[in-house]
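Here's a walk through how the helices, the domains and the bound ligands of this chain fit together. Keep the model open and rotate it as you read.

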Amino acid sequence: MSKLTIAIAGATGAVGQQMLQCLEERKIDCELRLFASYRSAGKAFSFQGKEIVVEELKEESFENIDIVLGATENDITKKWMPWAQKHHAVVIDNSSAYRLDPNVPLVIPEINPEDIQKHQGIIANPNCATIIALVALNQLHQEFHIHRMIVSTYQAVSGAGVKGVKDLENQVKDPSIPSTAFPYPIAFNLIPQIGDFDENGISKEEWKLQNESRKIWHDPNLLVNCTCVRVPILRSHSESITIECDQPVNIDKARELLESAEGVKLVDDPQNQQYPMPLDTSDQDLVFVGRLRKDPSDPTGHSMILFCCGDQIRKGAATNAVQILQALIQNQN
Ligand SMILES: NC(=O)C1=CN([C@@H]2O[C@H](COP(=O)(O)OP(=O)(O)OC[C@H]3O[C@@H](n4cnc5c(N)ncnc54)[C@H](OP(=O)(O)O)[C@@H]3O)[C@@H](O)[C@H]2O)C=CC1
Ligand SMILES: N[C@@H](CC(=O)OP(=O)(O)O)C(=O)O
């Protein structure tokens with residue numbers, strides 16, 4: 001069989017660059033093409049000992065491409081998707097453009113890998129905060145059946161791409177430099193807005209946690225109450241989550257389940273100051289989970305609280321997409 005040809009669309013961005021690194025780390029045997037805007041055409045990146053030059057993404061770019069890893073914003077993705085489809089390339093897309101389309105599987109490989117095979121040319125990678133929460137919660141959901149979650153997120157500036165990182169780096173040196181990715185300064189501040197608000201005051205990011213979690217868990221009745229906050233952290237999103245379950249929760253059982261949960265590292269010894277923190281989860285693929293405790297405000301014993309952190313550029317985006325790619329390749333063989 002000839003080598004797969006894989007393309008990264010948006011190869012120069014935060015997620016695209018991480019995809020390149022994930023493909024290298026996981027030794028994916030492929031011919032690789034890199035695409036971005038005209039601004040980046042001609043830049044070169046090393047991959048498996050070769051130098052690969054970035055090309056401007058054009059209508060004919062996807063000719064002879066087997067699989068596209070998409071890492072561009074929604075409007076750009078929507079523009080190039082018909083070009084990829086014209087050339088029958090399978091797309092694993094990181095934008096939110098197609099996530100809720102009923103014909104597009106929305107996949108976290110640790111949770112619903114069986115959905116990958118239902119694809120009709122597009123597989124969507126979920127929102128980063130959703131991936132981190134659901135990887136942390138999945139085993140608890142299987143055991144206790146979560147029917148409601150109350151979530152507060154603390155999201156890193158790199159969630160807003162390369163521009164977000166530059167804003168924080170510039171402003172810690174000179175706080176008068178205006179933000180380009182955020183509505184207010186982010187250094188020495190936090191901003192309780194990620195995405196636009198609807199008429200009820202709920203932001204796009206907050207809706208994603210509900211709607212995408214329902215689709216991934218195949219549970220249209222799941223209730224989610226979420227507040228998403230941008231914090232002056234470079235990398236790794238953190239989340240405080242209260243879950244309300246059908247079954248009474250047992251914290252020892254929860255710890256036992258999380259000890260062996262795929263994609264999870266239990267870091268839960270608060271007396272010895274051991275709990276998840278974004279500095280510890282950056283640049284690795286596991287979601288750290290800790291601060292496990294019963295909800296003292298719920299006398300019925302059906303709710304518990306935890307804190308989790310995960311690298312949203314890796315597991316929240318690039319790693320998850322490359323795991324889907326590996327599952328696709330495995331199924332083809
Ligand atoms: N950052 C994160 O933590 C996460 C991001 N995502 C999603 O992943 C996608 C990429 O995000 P991120 O990497 O952060 O974004 P960046 O802004 O860092 O990167 C955007 C990429 O898109 C390219 N691009 C821009 N305009 C065009 C164009 N006209 N034609 C072709 N390519 C273009 C850019 O190329 P150039 O350099 O040439 O401008 C760059 O490679 C988004 O949909 C985002 O929502 C999902 C989960 C997490
Ligand atoms: N919105 C997320 C990152 C992201 O790009 O998510 P999405 O792909 O769902 O728009 C953040 O800013 O932290």
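Start where α3 meets α8: their axes come within 8 Å and cross at roughly 90 degrees. Angles from 65 to 115 degrees count as roughly perpendicular, so that is the label for α3 and α8. On the α3 side, the contact is made by C128, I131, I132 and V135, while α8 brings K315, G316, A317 and N320. Sort those residues by class and you get five nonpolar, two polar and one charged. Bear in mind throughout that this is a predicted model.

Stay with α8 (314-332) and look at its other partner here, α1. What angle do α1 and α8 make when they pack? It's about 50 degrees, with the axes 9 Å apart. That angle falls outside the roughly parallel and roughly perpendicular ranges, so α1 is oblique to α8. The crossing is right-handed. From α1, the residues in contact are V15, Q18, M19, C22 and L23, and they face R314, A317, A318, T319, A321 and V322 of α8. By class, this contact has eight nonpolar, two polar and one charged residues. Notice A317 in particular: it appears in the contact of α8 with α3 and again in the contact of α8 with α1.

Now go back to α3, which spans residues 128-144, and find α6 at residues 251-259. These two helices pack at an angle of about 130 degrees, and their axes are 9 Å apart. Roughly antiparallel would need an angle over 145 degrees, and α3 and α6 are therefore oblique to each other. Here too the crossing is right-handed. Q139, L140 and E143 are the α3 residues involved, and they meet K253, A254, L257 and L258 in α6. The class count for this contact is four nonpolar, one polar and two charged residues.

Zoom out to the domains. The domain assignment splits the chain into domain 1, made of 4-126 plus 317-332, and domain 2, covering 129-312. Their C-alpha centres lie 25 Å apart. How many residues does each domain put into the contact? Domain 1 gives 14 and domain 2 gives 17. On the domain 1 side, α8 supplies the largest share, three residues. That side divides into seven nonpolar, five polar and two charged residues.

With the domains in view, bring in ligand 1. Where does ligand 1 lie relative to the domains? Both domain 1 and domain 2 give residues to its shell, so it lies between them. There are 27 residues around ligand 1, and G13, S37, S40, S95 and G161 come nearest. α1 (14-25) and α8 (314-332) are the elements that give two or more residues to this shell, and the largest share, three residues, comes from α1. So the α1 and α8 pair you've just looked at, with axes 9 Å apart, turns up again around ligand 1. By class, the shell around ligand 1 has eleven nonpolar, 14 polar and two charged residues.

Finish at ligand 2. Around ligand 2 you'll find S95, S96, N127, C128, Q155, G159, A160, I194, E205 and K208. Their classes come out as three nonpolar, five polar and two charged. Two of these names should ring a bell. S95 is also one of the residues that come nearest to ligand 1, and C128 is one of the α3 residues in the contact with α8, which is where this tour began.

Notes. Residues are numbered from 1 along each chain as its sequence is written. Chains are lettered from A and ligands numbered from 1 in the order in which they are written. This is a predicted model: local features need pLDDT of at least 70, side-chain atom pairs count only at pLDDT 80 or more; totals for chains, interfaces and linings use all residues. Axes are lines fitted to C-alpha atoms, for helices over the stretch in contact, and angles run from 0 to 180 degrees between N-to-C directions. Helices (H or I, at least four residues) and strands (E, at least two) are DSSP runs, numbered from the N terminus. Angles under 35 degrees count as roughly parallel, over 145 as roughly antiparallel, 65 to 115 as roughly perpendicular and the rest as oblique. A crossing is left-handed if the near helix is turned anticlockwise from the far one by less than a right angle, and right-handed if clockwise. Two residues are in contact if their C-beta atoms, placed from the backbone, lie within 7 Å. Ala, Val, Leu, Ile, Met, Phe, Trp, Tyr, Cys and Pro count as nonpolar, Asp, Glu, Lys and Arg as charged, and the others, Gly among them, as polar. A residue is near a molecule or strand if its C-beta atom, placed from the backbone, lies within 6 Å of it. Domain bounds come from an automatic or database domain assignment.
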